[in-house]
Each structure stands twice: as structure tokens, then as C-alpha cells.
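Here's a quick tour of a protein model, written for someone who'd rather be at the bench. Have the sequence and the 3D view open as you read.

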Amino acid sequence: MSDDLFAFLLWQREPGSGDWRPAPRLRVRLGNGGVNAPAQLCWVTDDGRQSAVSFSPDMEICYGHRRTTGGAVQEIRGQLYDRQPYPGGTDGARGYEFDAETEDAGVWNPAGQLRMWIDDGGEAPVRWASWGDLSGNIISITLCSVEPSDNADANELVSFVWADTEYREAGEVARNLVDPSASKWFAPRDHASLEFRLTRPIALDRYVLTSADDAPDRDPSAWTLRGSADGHSWRTLDVRSGQSFAERHQSRTYRIAEPGFLAGHYRLDITGNHGSPHLQLESVRFLIDGSGRFVGYRRRAGCAPVPYRGTHTGQAPPDLPTELPPQTAPVPGGSWLPLGGRLSMESLTSPSGRFTVLHSVYDPSLAVRDNATQEQVWNSDSPKSHLVCLGPDGDLVAWDHRGNRVWSTGTAWLGVRRLEMRDNGELALTDAHGTVVWSSGIPQVGAAGAGRRSAARGSTMRRGEGLHGQSLTSDDGSTVLFHGGRTVQNVLMGRTAHWTRFHDQQTTLVLDDDGFLRSRALDGAVLEEIAGPGAELVVVRGAAELRDDAGAVVWASDVGWDRPPPVREPAVPHNDVLAAWFSALAGEDRGYCVAVVKDSTPQEVLRRAGLAEDMVTRGTWRELQQRRDTAHPDTGHVVAALAAGPDVLLLTDDPALPVRALAPSASTAALHRPPGRGGFGGTFSLHQDDRLVTELRDDSRRHKGAKVAEVATALDEIAHELHRHELLFRVFGVVPAAAALGGPLLGGVLTPKRSPSAGHVAEPARSALAIEGFDDMNPLVVRTDFTDENAWQQVVEELQKPWPDHAEPVDPHLVSAPGYADASVERVLRDVHAALAGPNLPEVVFIADGTTMRAAGHPLLAVSTEWDGEPFGEDEEEFVTHYRVLPGTAVEISVNVALGNMDFEDFDSGDEAFGRTV
């Protein structure tokens, strides 16, 4: 009982006043010093504030007084609101643990451990405390320093500094933060994570941040400091927001909330600045609390007092289990999400139904609503997002529809295991022990009251239930009935909404007691009667169905819309979820390659990927990244492998990793994603028996091997052919697990191969195609025949003739470089792709070849840039790739195709006289 943590709500008032005002909460734990639950407690903090309270025998109430730092006197009273047994509940409390001794006849004898946790909501730590129980046992101690100064600098213990982003080219790296001779650390982002590894654990008391030399808008304004004993399980030590630095090179000291926590790893997650897209700091210093021991006395009831002293030992975290405890599987629309879970126009509702968190594509993007009052009690301030996903690393991230990260909780690699919507209104990320790692906060709300309509959840709405700021999700997770307050939509993931209702006021979608589905205003007025009567509204794959008591469909939302077929088991996560997982692991600035290798082992796949046996290690993806950044920060690539049944899942941040050699005698499917461009421009490939049988590229209509059996089946089942992540795992029926990807992996760091020997003769490099100032409204013309200059001039004159009803001549972009003499269509297309990558790539390029120079009218060869110049194989679906056109029509084709008015094939006359082969 003496070891329990007692937490009190406090109120205070001035002497002579009758008005009690809320005060900071008080949390107390006093244990193992031979005193039972305290009857009274007195303490003094480092800033001179003096407090004394007395407790009722049942510890339910307390009363006392306080003298503030400024000398003001206050009465205080408290009511117990929480009680937790040791060791729980100490997060954020001011705590010390000591190995204690008592003196008897000049000899000091062990007296066990003394635990003292006193948190009165102030910044300053406790320096003196005295307490006693009802039996008459008393302890009084004074904390004293082992250093001549209040704090000792611990930066000499820092052995390694790591940042998830830094400016290596300018030498402004994370290591500079603890190097007095260096300038600063710079990050090309407005958020970043810094990790400091120490040679031995310390109990941190304060830390110092120093602003850099310029650009005040780059100064951090919000951050969280965390500590860890092992680098895996993290405890929040201090959270700051609204911070600023008035001067350049200014040092500001911050006292952390839990000075007794022993940690060998410290992590600073910076989540905000003063408006710049960049961050910077000059230095970070760690200070050890000088309160390393105490002196005092202990008096047993009926005995004389004896000298009492102790040495500070800190508070070590509890051991982590090697595996997560068994837990029930999450259900759509339930109260929690596991690692890898997502919300996309979906909601979680607390177990009692009181609170709901809803993701929306409208503002706000993520918000918690009190279903009793239908008022929002928290929102994330996130920009509009397409998806919120709890990634394998434990970071809750909002992603836009281009795959860009727009908001996060900053909890990557902090041991997060799930997201919970709790009955107290708190949205919380928790670890394997249920400890809160991140929280939206607990809102101050009143009692729920009676008569409120129950919130529907899961996939079904029953009579008497309603939706307001909530959603229903089909059991297979494919379809959502979303209610955003005014808008109601039925959405199939990966496609679009096929049933929508929008009102000019806040509404509730209800299934009334008479079985009719209606939209009602918040005052109860009926705005629309949709269908009925029925017993329940059920969201299934592709539709919402109103069913009667016998299960017959009374009404469905998909009238006139083809419902998709069931998905073959095993079901894999949605494409956008998988993309979020791998983008989070690889990093915002890197591309990646993920592959599935049939019938192999992780060790064999890593060997074939080029990782030497003595370089293979086991660690999380973050730990492997740290090894890369230490040994090969500019040229190394992380590679890791994970067994998936008899197959192997390979992941690397090298987007160009050759995968053909991973399993010469088996099958390998791979997805290569380049950096930037929102991941667009990637390639899916399938190798069988050391042969490329399928290659699907984002920026090409070429579907080589699309008719291969397993590929064709998977393409039929996914919502969109560009959903390459789903395609990858569906081809082999492999279901990746986010928890496994975020756990220990077998892997290492791939280093660049040595350059070829001097005797190797490299292939001569071709000159790059220079295209500057290109406007896709004008035709791009590449000349590959230089035998007739007069013919070329006639082509140019025809190209420049004004459009009908236009006075200005056309300004074609002409490439007439002798290096392209007799160049193949394949080479021209390849070089155009290289010179005008991404959105700058025109839909069509015109080639002036030998036929152009010799044939009547000088017809140009119009070539679609969705083609690569190679002939179609038997396993490919053909499309129009090229045809001949007169030069005067080139501008018409370029403009209409660029504007999307017409497609490339719409201009194909099919005239064989011009020759439809290259």
C-alpha cells in the first residue's frame, strides 16, 4: 500500500477567500522506507516553494497549505482520482530511487530501497521532504549534490549522434551538435528526429538547446525528449511547444519532467519551427542532476531517530516481453488499430460509444467527436489527407493522395503497438505494456446524459442507431459508408464514391425505430427519407444494403453500378496502405525496392543480393539505417530480408537493386520505386527461371507479360492496374505484416562495387539529348536523317505554317543533331524520356527519318512516348504506337493530346500507304 501511486485533483484559494480555483495535480509515491501510507507530507522545491498536506486514513482526500516562491500563502485541498500499484503510473512524476542505509553505533547498515515520487505540477524538483504515517513512523531527508555545481555536463558520454535528415554536403551534420568546434546541424525539413547514444546510462535532469547563427524561422518551436535504456522501449521525458530563441547563439536550459529515469539513449523529436521549411540548431547539451544522494533521519514508532542516508540509483524501465501478448484481432469500426492499420474516411469508436475519431478528406482531417454532444473535442490540425496509417515503425502519419507525408505524431521506433480511442475521449498510441506513448489529451467534458442515439459501428447500423461524424466499414475493409457531418458517401477503396448525399446543414443518418433510413437535421427534422422499412443497414463489398428481418435486400446503394467480385484469399492490405508502410521505412527522400522471392531463405537471398556473410546482422530497420549512416552515409544502402512462410520478403532503399540474380532457379516478383515524384515512375517485374517474363512500368502503356497467368489473375482482382504494391503481393499470395517489418530483421549495408579493372573497355557514352525551353503545345521533332537538306527545310516550313484562323507561325521544337543520324526509334524515345522526365514528358514525339525525306509530302513518324520502340510480344496487349502524319498536322496533334481533348490513337488514319512499321 505504501508503494502505491496516489494522484489527487487539487484546488487552491487565498486566505480569507471562499472561492476554490483548480490547481496543478499532485502525484505522490513514498515507499519501502518503513513507513506506511503517509498521514502527512511536507516538501520544499528547488525554487523555494514550501508545501504541507495531511491525508485522510483512506487516502481519499487531502488538505494543506503552501507558500509560493514569491511568498504568497495558499490553502490547498485535494480529491483522489487515481491509484496505481508499483511500478505503474510514474510517467511524468518527479522521482528518485535510493539505496538507503541507517547508522547504528558508528556502523552503516543496508536499509533497503527508498522510493520518493512527488510531482506538484511545478518546474522545480524537490530538495527536502518529510513524511510520517498514522503509527508514528517518520522519515525526513534532504537531497544534496555530489558535484560542486548544480548540474554536471554529460556530453562527454555521447558516443554517437544520428539524425533522420542532415545536410552532409555542407558538413552541417548531427554530430556537430555535441562538437564545440563545429558550426551547426541543418535539416532540409521542418521536422526531424535526433538520437544520442551514451557510453553508460545517466539520469538526465536538464538539457540545453542553442540556436544557430542565422534564420530565426528555422529555430525549433516544439519538440519531445524521450529516453530509453535499450534503444527500443522509449519513455517520454519532456514535451515543449511555443518555444522561441530571442537571439542568435542563445542557449536555453530546460528541466525535464522525470529526472530519475536512467537511460543510455536519448531522442529529440522536433515537430515544429517558426515557419521555415528547414530546421537548425547549434548544439545540444545534457546535464546530470547533482542530487546524487540524501542525508536525513528515520524514526520508528516508539524509537529514537537514527541517521539515514542514501545513494541515487534512478528508475530503470520494466523489461519488455520478447513477444506481444495475445490480443483479439481488430475489427473495422472498432476502438483500436494495430501496427499497419489505416483510416481512410473511416472511424474508431470507444468501447462505450461515447467518443469517435474520424478521418476525413475534408477539414478537419482527423478529429475526435463527443457523441453525447456531437461536438469536436480534438483535431490534429493536419492538412487535408487521403489516408492516416500507423506504420510498421509506430508513427501515425497522414499521407496526401500523392504519397507525401503531411502530418505525424513523431513516434517512429518508440515501441508503439496500437492506436486506441478511449472512453475518456483520449486518442492514444500505446506500447506492448499499454503505456501511453502519445496522446491527444483528455478533454474536459460533462456526463453523457440520457436519451442520446447510439452510434453505429463496425459494418452494421441497427434500428435506433445513427451516424454523425462516423463511418461503417465492410467486413473485408473494401467499402466505407462515410458520414462527415453534412456529406454522406458510399466509397469503394481505390475507386470512387457511387452514392452521395450532401445537405447545407449538419445531419445525422439514422435508421429509425420504424425501419426507415432517413437523413435528419440535428434538431430531429426529417430532411430526406431514403428507403425502408428494414431491420439493419449493412455495408458489404461495393455497396450499402438495407435488409429486412429475413435478410432480404430492401434497398441497395449501387443501383446502376457494377459491384466488384469478391477478392481471392488471402486478402492483402490495400495498395495505399502498403505504399505508406514502405515509404515510411525507406524514408521520405529515398526510393526503394521490395521483392518477394519464392522458396528461399533470408540468408540465401541476402547473399545473392551482394551482402557478405560477415556483414549480415540482426536489427530493426532503423538500426540498420544507423549502421549505414555511420559506415557509408553517402553511398551505402540498407538491405533486409524476412521469411514469409516458404518465401522471402526483401526490402532495400536502393531503388535500382538488380533482382534477377536473387533466385535464378525460382520466381522473383519485385517493385522498384524511384525517389521523389510521389513514387510514380516505378516498375513491377516478374522473373521466372532466370528470365524476365513480366514488366509493367508506371510511365508506359507497355504491359509485357500481362497475360502471364498469375499476373493476369492478380490484375483482375486489384482495383486499379497502377496498384503495384497489391499486385506484387497478390501474385504470390504473400501477406506482409507491419509488426514483422517493424521488428528485428536480418540484413546489413550494401556498399558500392569496386570500379572495373583498367583492362575493361567501357562502352562509349552517347551524347545526351538537350531539350531546353520545351512547350508541349508545340511539336517536338527529332531529325534522324541528314541526307537531304532541302527536304528538311521543306519539313520545317510546313511545321511552321500558322494554324487556320491563327496569324502567328507555329514554333516547333527542332532537334537536328548529327549525333542522331540513323538513330533508332528506341534510342530517340529513351533519350526523350531521360531529357523530359515526369510531367514534362510530351505524349508524342515526331521523327524526321529517311521516309520523311524521300516520300511525297514528307510525312513525319508520330510516335507515342508510352511506347519504348520494342515490338510487342505474344503475351502483351497491343496499342497504337506510331503512324505517319503530314508536318502541317503535327501542331494539331500536339495541342489536342496535351490538353486531353483527344488521345494519340484518335489521329491514326490507318493509312498503310505511309507505312505503319518502323
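Along strand S5 (residues 61-67), which side chains are buried and which are not? Cys-62, Gly-64 and Arg-66 point to one face and are buried, while Ile-61, Tyr-63, His-65 and Arg-67 point to the other and are not. Buried here means under 20% relative accessible area, with exposed being over 50% and partly exposed in between (1.4 Å probe, protein chains only). In a regular strand the side chains alternate between the two faces of the sheet.

Before going on, a word on where this comes from: it's a predicted model, so local features need pLDDT of at least 70 and side-chain atom pairs count only at pLDDT 80 or more, while totals for chains, interfaces and linings use all residues. Residues are numbered from 1 along each chain as its sequence is written, and side-chain values use heavy atoms, with hydrogens and water left out. Helices (H or I, at least four residues) and strands (E, at least two) are DSSP runs, numbered from the N terminus.

**S5 and its partners**

S5 has a neighbour on either end of the chain path. Strand S4 (residues 50-55) runs antiparallel to S5, joined by six bridges, and Phe-55 has Cys-62 of S5 as its bridge partner. Seven bridges link S5 to strand S6 (residues 73-84), again antiparallel, and here Tyr-63 stands opposite Arg-77 in S6. Two strands count as paired if DSSP finds at least two bridges between them.

Both of these pairs are hairpins, and a further one turns up later in the chain:

| Hairpin | Residues between strands | Turn residue with positive phi |
|---|---|---|
| S4 and S5 | five residues | Met-59, about 65° |
| S5 and S6 | five residues | Gly-71, about 100° |
| S46 and S47 | five residues | Gly-551, about 90° |

**A four-stranded sheet**

The S46 and S47 hairpin belongs to an open sheet of four strands, ordered S36-S45-S46-S47 with antiparallel pairing. Its edge strands are S36 (460-462) and S47 (553-556), each pairing on one side only. From one strand to the next the twist averages 20°, taken between axes that are lines fitted to C-alpha atoms, for helices over the stretch in contact, with angles from 0 to 180 degrees between N-to-C directions.

Three bridges join S36 to strand S45 (residues 536-540), and Arg-462 has Glu-536 of S45 as its bridge partner. At the other edge, strand S46 (residues 543-547) pairs with S47 over three bridges, where Arg-547 is matched with Val-553.

**An enclosed helix**

Why is helix H10 (residues 890-899) described as largely enclosed by the rest of the structure? Because seven of its ten residues are buried. Among them are Ala-890, Val-891, Ile-893 and Asn-896. The cover over the buried residues includes helix H7 (789-800) and strands S59 (844-848), S60 (860-864) and S61 (882-885), where contact means heavy atoms within 4.5 Å. Just after H10, Gly-900 takes a positive phi of about 80°.

**A greasy little list**The structure holds one cavity of 30 Å³ or more, and about 40 Å³ of space lies in the largest cavity. A cavity is a set of points, on a 1 Å grid over the protein atoms alone, where a 1.4 Å probe fits but cannot get out; lining residues have an atom within 4 Å of a point. The lining has eight nonpolar, no polar and no charged residues, including Ala-640, Leu-649 and Leu-741. Strands S50 (637-644) and S51 (647-652) each give two or more residues to that lining. Ala, Val, Leu, Ile, Met, Phe, Trp, Tyr, Cys and Pro count as nonpolar, Asp, Glu, Lys and Arg as charged, and the others, Gly among them, as polar.

Key
1 Å grid on protein atoms, 1.4 Å probe; cavity = no way out; pocket = protein on both sides within 12 Å on 5 of 7 lines; lining within 4 Å. Points joined across faces, edges and corners; volume = space filled by probe spheres on them.
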